[in-house]
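Welcome! Please take a moment with the sequence and the model shown here, and then read on for a short tour.

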Amino acid sequence: MSKVIMVGCDLHDASMRLKMAAGLGKAVRKSFATAEAPSMIECVKEFAARHGASRIVFAYEASGQGFGLYDALTEAGIECYVLAPTHLPHTAHGRKNKTDDKDAQMILDEVRAHVLAGRKLPAVWIPDPQTRDDREVVRMRLEVGQQRTRIKNQIRNLAKRSKLALPAWFTKSGNWSKRSLQWLRSVAAGEFEQVGQGIRVALVTLIDLYQELSRQQGVLDQAVAKLAGTPRYARPFAKLRLLPGVGTLTAMVFLTELGDLDRFANRRQLAAYLGLAPAAFESGQRDDRKGHITRQGPSRVRHLLCQAAWAAQRVCPTWKAKYEQLKRGSQKRSKIAIVACMRLLAIQMWHTARSQELDKLFNVASPPETSARARQKGPPLRALRLASACSG
């Protein structure tokens, strides 16, 4: 066992704390600046050479640092794991007595249990560099959309606080048409005496921010559409667009966030990864007690799945019937029903994107050109039957 060097690392923005050990030997503490990754790698290799070790196992928690350290360690020939913080052991005492040394020691203990006892590490899936790069475009589009929505809400709240009544046509015209923005500009210019100077200044700023974000959103929409047409995503994207409620952004978020779809063995693993599996509170006499969904995994995917599920049940009779069946006629079950539809839609998207049968059925070499009415009707009956059979 002394031929294996195990390293637990507590990684921060500016520093990293290491605990290194050979087998069951005493752990050695080392500290480095985060920018000094090459020096740290040399130190670890020298430690391994002193102990005659041919294998180095390194682990650290996933964080905002991304996978740069993982790439550097892998290129140096070191076996590296990035651990999910939510799956690591935490205690009430540990949360109130937290230090870098103790965090590094905890990670080292996990590595020791993996190497010496064969316990599975709670490691996250590492996306390839291209997937990471593609995610940045799609995530930025989501972020700009959320910022734009916040600005819209701020403008509405500003109108309420200043007791500014919106015209009757304001909402009917789409709420944010050119006419609506021109009217808001006229308010900011002082055409209404009851609007004070401070409100006008704030309104001008918010309108400028909204229009700039709208422009940026348009640019990012084009970038996402261009990404969807690349060879990497064209075929699965074309198949996902056949499903009712699934638009360009939903399909691309699903594909980029999940990455390798074949890493999920079945629909239960997919639902658990997306946080759409029910929590379990079963011990002692209770062997069948479920709670709310876990909400673990990528929240941005759940957000888009929720929007897609609502859109699907609005435009597709099949999804509407499924929603009403799950709702059981009770308004109190509306959230339960839509979450169940989210899970069903995610499973159907997973099967559809992976299905080679759909490739033969529709010959989707490139994204199909379909009209808005055709998209609202949903996929052809054969596609629905196939997807239903797959997700059953």
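The briefing below covers one helix, two pockets and some salt bridges.

Please keep in mind that this is a predicted model. A good place to begin is helix α4, which spans residues 100-117. From there we move to the largest pocket, with about 1,200 Å³ of space, and then to the salt bridges, of which a search of the whole structure finds 16.

**Helix α4**

- Helix α4 is made of 18 residues, and the distance from its first C-alpha to its last is 25 Å, close to the 26 Å expected at 1.5 Å a residue.
- Many names appear on the list of buried residues in this helix, including D103, A104, M106, I107 and L108. Charged letters turn up there too: E110 and R112 are among the buried residues of α4.
- What do the buried residues of α4 pack against? Their partners are the strands β1 (4-11), β2 (15-22), β4 (55-61) and β5 (79-83).
- Just after α4 comes G118, with a positive phi near 80 degrees.

**The largest pocket**

- The largest pocket holds about 1,200 Å³ of space. It is lined by 33 residues, and those closest to its centre are A84, A123, V124, W125 and Y273.
- Two helices, α5 (129-161) and α11 (267-273), each supply at least two residues of this lining. The largest share comes from α5, with four residues.
- By residue type, the lining of the largest pocket has 16 nonpolar, nine polar and eight charged residues.

**The second largest pocket**

- The volume of the second largest pocket is about 480 Å³. Among its 16 lining residues, I293, R295, K335, I336 and V339 are the closest to the centre.
- At least two lining residues come from each of β7 (290-293), α12 (299-315) and α14 (334-354). Helix α14 gives the most, with seven residues.
- The lining of the second largest pocket consists of nine nonpolar, three polar and four charged residues.

**Salt bridges between separate parts of the chain**

- R232 and D134 meet through their side chains in a salt bridge, at 3.6 Å from N to O. R232 sits in the loop between α8 (197-228) and α9 (234-240) while D134 belongs to helix α5, so this pair ties together parts that are 98 residues apart in sequence.
- Are these two partners buried or exposed? R232 counts as partly exposed, at 37% relative accessibility, and D134 counts as buried, at 3%.
- D221 and R141 also meet in a salt bridge, at 2.5 Å from N to O. Because D221 lies in helix α8 and R141 in helix α5, the pair ties together parts that are 80 residues apart in sequence.
- In this second pair, D221 is partly exposed at 34% relative accessibility, and R141 is buried at 12%.

**A salt bridge inside one helix, and a network**

- E324 forms a salt bridge with K320, and their closest N and O atoms are 3.3 Å apart.
- Both E324 and K320 lie in helix α13 (residues 317-327), four residues apart, which is about one turn of the helix. An α-helix has 3.6 residues a turn, so residues three or four places apart point the same way.
- E324 is partly exposed, with a relative accessible area of 35%, and K320 is partly exposed with a relative accessible area of 35%.
- Elsewhere, a network of salt bridges links R17, R29 and D101.

Definitions and conventions:
Residues numbered from 1 in each chain as written. Predicted model: local features only at pLDDT ≥ 70, side-chain atom pairs only at ≥ 80, totals over all residues. Heavy atoms only, no water. Expected span 1.5 Å × (residues − 1). Buried < 20%, exposed > 50% of the residue type's maximum accessible area, 1.4 Å probe, protein only. Contact = heavy atoms within 4.5 Å. 1 Å grid on protein atoms, 1.4 Å probe; cavity = no way out; pocket = protein on both sides within 12 Å on 5 of 7 lines; lining within 4 Å. Points joined across faces, edges and corners; volume = space filled by probe spheres on them. Salt bridge = Lys/Arg side-chain N within 4 Å of Asp/Glu carboxyl O.
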